[in-house]
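Trainee: I'd like a close look at a single part of this protein, please. Take me through the surroundings as well, at whatever length you need.

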Amino acid sequence: MTSGQATVPAPARAAARVSAASPERASATASAASPTRGTASTADPGTGRGAILRAARRAFTQRPYAEVTIRGIAADAGVSPSLVVKHFGRKDELFNTVADFGPAAAELFDAPLDTLGRHMVVTLVNSRRETQTDPLLRVVFSLGNRDERSLLRDRFHEQVTEALTARLTGPERALRAELIAGHLLGLGATLGLHRDGAGAAATPEHIADLYAPALQSLITG
């Protein structure tokens, strides 16, 4: 955590360290995630996990950690507080799940460099449509905040930007990775802003035809 940011509660810091150290995190993908506690999977319809995760993302990205309660998340998700605890445990465990971009990044970056731009666009659009949420965009809501939400930015930098930097070759890899991440966030924001616009009617492949070349030029350098 950089200087000047508020201290993250000890349980949240500990949970974050456990997640960051896990060797399973880097190899997990959103589609293959297990429905066990703390795994950010929404592929188990009927259990309420998806609704809980969406409510938790709204809560933790829009309000300080201390103001968020399991009861409030449960009410927003339309489930009981006991179901939230059953799936995700304590509040700090649920916060750590929300702050984990590892599975989404693993899926987004799972392609050869020469086709990675197109793969990222198609994967991101498909993910939004299948889960009704963006795999990366929640980090935007943490910008400018000086409380526990700064953990979202730290985790995004570690799991998305640094992971992409390590994959790239050639000069200015870190700068190019940051710009690629910005393109992905911009695409997600645009699709969210124009939910009923032309992008909603376009296929992921057609969106990639138009959007991926700019990403690919940054990937290849």
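Where in the structure is the place of Glu205?

Mentor: Happy to! Bear in mind that this is a predicted model. Glu205 has its place in helix H12, which covers residues 204–220. Is Glu205 buried, partly exposed or exposed? Its relative accessible area is 38%, and buried would need under 20% while exposed would need over 50%, so Glu205 counts as partly exposed.

Next, look at what Glu205 faces across the fold. Val122 is 83 residues away along the chain, yet the C-alpha atoms of Glu205 and Val122 are separated by 6.1 Å. Val122 belongs to the stretch 116–131, which is helix H8. H8 and H12 pack against each other with their axes 7 Å apart, at an angle of about 135°. That angle falls short of the 145 degrees above which a pair counts as roughly antiparallel, so H8 and H12 are oblique to each other. Their crossing is right-handed.

H8 also leads us to the largest pocket, since this helix supplies at least two residues of the pocket's lining. Helices H3, H10 and H11 each do so too. About how much space lies in the largest pocket? The value is about 660 Å³. Its lining is made up of 25 residues, and those nearest the centre are Arg128, Gln132, Thr133, Asp134 and Arg195. By character, the lining divides into 9 nonpolar, 8 polar and 8 charged residues.

H3, one of the helices that help to line the pocket, has a crossing of its own to show you. The axes of H3 and H4 come within 8 Å and cross at roughly 125°. H3 and H4 are therefore oblique to each other, and their crossing is right-handed.

H10, another contributor to the lining, takes us to a second glutamate. Glu172 sits in the loop between H9 (150–167) and H10 (173–193). With 56% relative accessibility, Glu172 counts as exposed, because the cut-off is over 50%. The backbone of Glu172 deserves a glance: phi is near 50°, a positive value in a residue other than glycine. Glu172 also has a distant partner in sequence, Gly221, 49 residues away along the chain but 8.4 Å away from C-alpha to C-alpha.

For contrast with these two glutamates, try helix H6, residues 91–98. Here 6 of the 8 residues are buried, so H6 is largely enclosed by the rest of the structure. The buried residues are Asp92, Leu94, Phe95, Asn96, Thr97 and Val98.

Finally, step back to the whole protein. It has 12 helices and 0 strands, so from the N terminus on every element in the run is α. Of its 221 residues, 46% count as buried. Back where you began, Glu205 is partly exposed, in H12, with its C-alpha 6.1 Å from that of Val122.

Key:
Residues are numbered from 1 along each chain as its sequence is written. This is a predicted model: local features need pLDDT of at least 70, side-chain atom pairs count only at pLDDT 80 or more; totals for chains, interfaces and linings use all residues. Side-chain values use heavy atoms; hydrogens and water are left out. Helices (H or I, at least four residues) and strands (E, at least two) are DSSP runs, numbered from the N terminus. Buried means under 20% relative accessible area, exposed over 50%, partly exposed in between (1.4 Å probe, protein chains only). On a 1 Å grid over the protein atoms alone, a cavity is a set of points where a 1.4 Å probe fits but cannot get out, and a pocket is an open set with protein on both sides within 12 Å along at least five of seven lines; lining residues have an atom within 4 Å of a point. Grid points are joined across faces, edges and corners, and a volume is the space filled by probe spheres set on the points. Ala, Val, Leu, Ile, Met, Phe, Trp, Tyr, Cys and Pro count as nonpolar, Asp, Glu, Lys and Arg as charged, and the others, Gly among them, as polar. Axes are lines fitted to C-alpha atoms, for helices over the stretch in contact, and angles run from 0 to 180 degrees between N-to-C directions. Angles under 35 degrees count as roughly parallel, over 145 as roughly antiparallel, 65 to 115 as roughly perpendicular and the rest as oblique. A crossing is left-handed if the near helix is turned anticlockwise from the far one by less than a right angle, and right-handed if clockwise.
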